[in-house]
Amino acid sequence: MAIGLGVVLLVAGLILTLDVVTVHMSYINVDTLGGILIAAGILAILLSLIVNAQRSRRTTVVQDDRPVEGRRIR
């Protein structure tokens, strides 16, 4: 889910930064807003990849209780 959010933020930031859609707002600098959205998108993607990598790391312990053949315990 966070990867999708990161991609959406990244695309929205690129659209604003590269002037694909012309938006005129006197109180917001559109290029700065695009840069912030790009940074937030990249950060969201990286954090989600790190969290998913930690979640998938598992340790399996196999306990072998079979007696060893050919040896006697006295």
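Helices are taken here as DSSP runs of H or I that hold at least four residues, numbered from the N terminus. On that basis the predicted model contains two helices and zero strands, and Leu-14 has its place in helix H1. The protein has 74 residues, of which buried residues make up 15%. Its exposed area comes to about 6700 Å², and carbon and sulfur atoms supply 62% of that area. Among the contacts with a separation of 6 or more, 64% are accounted for by residues 24 or more positions apart.

Helix H2 spans residues 30–56 and thus has 27 residues. From its first C-alpha to its last, H2 reaches 39 Å, which is close to the 39 Å expected at 1.5 Å a residue. At the start of H2, a side-chain oxygen of Asn-29 comes to within 3.3 Å of the backbone nitrogen of Asp-31. The buried residues in H2 are Val-30, Gly-34, Leu-37, Ile-38, Gly-41, Ala-44, Ile-45 and Ser-48, and what covers the buried residues of this helix includes helix H1, residues 2–17.

Individual residues illustrate how the two helices are related. Leu-9 lies in helix H1 and, when residues up to four places away in sequence are not counted, touches Leu-37, Ile-38, Ala-40 and Gly-41. Of these partners, Leu-37, Ile-38 and Gly-41 also appear in the list of buried residues in H2. Leu-9 itself counts as partly exposed because its relative accessibility is 21%, whereas the term buried is kept for values under 20%. The C-alpha atoms of Leu-9 and Ile-36 are separated by 9.2 Å, although these two residues stand 27 residues apart along the chain.

A second set of pairs involves Ser-48, which has its place in helix H2. Ser-48 counts as buried because its relative accessibility is 7%, and, leaving aside its neighbours within four places in sequence, this serine is in contact with Ala-2 and Ile-3. Ser-48 and Gly-6 are 42 residues apart in sequence, and the distance between them in space is 8.8 Å, C-alpha to C-alpha. A polar atom of the Ser-48 side chain also lies 2.8 Å from the backbone oxygen of Ile-45, a residue that is likewise listed as buried in H2.

The loop between H1 and H2 includes Asp-19. Most residues other than glycine have a negative phi. Asp-19, however, has a positive phi of about 55° although it is not a glycine.

On the surface, a nonpolar patch of about 970 Å² is made by Ile-3, Val-7, Val-11, Leu-14, Ile-15, Leu-18, Val-20, Val-21, Val-23, Ile-42, Leu-46 and Leu-49. H1 and H2 are the elements that give two or more residues to this patch, and H1 gives the most to it, with five residues. Leu-14, one of the patch residues, counts as partly exposed because its relative accessible area is 36%, a value that falls between the 20% cut-off for buried and the 50% cut-off for exposed. Ile-3 is also among the residues that make the patch, and Ile-3 is in contact with the buried Ser-48.

How values were computed:
Residues are numbered from 1 along each chain as its sequence is written. This is a predicted model: local features need pLDDT of at least 70, side-chain atom pairs count only at pLDDT 80 or more; totals for chains, interfaces and linings use all residues. Side-chain values use heavy atoms; hydrogens and water are left out. Buried means under 20% relative accessible area, exposed over 50%, partly exposed in between (1.4 Å probe, protein chains only). Contact means heavy atoms within 4.5 Å. Accessible areas come from the Shrake-Rupley method with a 1.4 Å probe; for residues, only the protein chains shown count as cover. The expected span of a helix is 1.5 Å times one less than its number of residues. A polar contact is a pair of N or O atoms within 3.5 Å; within protein, one must be able to donate a hydrogen and the other to accept it, and residues adjacent in sequence count only if both atoms are side-chain atoms. Patches are made of residues with over 30% relative accessible area and no salt bridge: like charges are joined within 9 Å, nonpolar side chains (Val, Leu, Ile, Met, Phe, Trp, Tyr) within 5 Å. A salt bridge is a side-chain nitrogen of Lys or Arg within 4 Å of a carboxyl oxygen of Asp or Glu.
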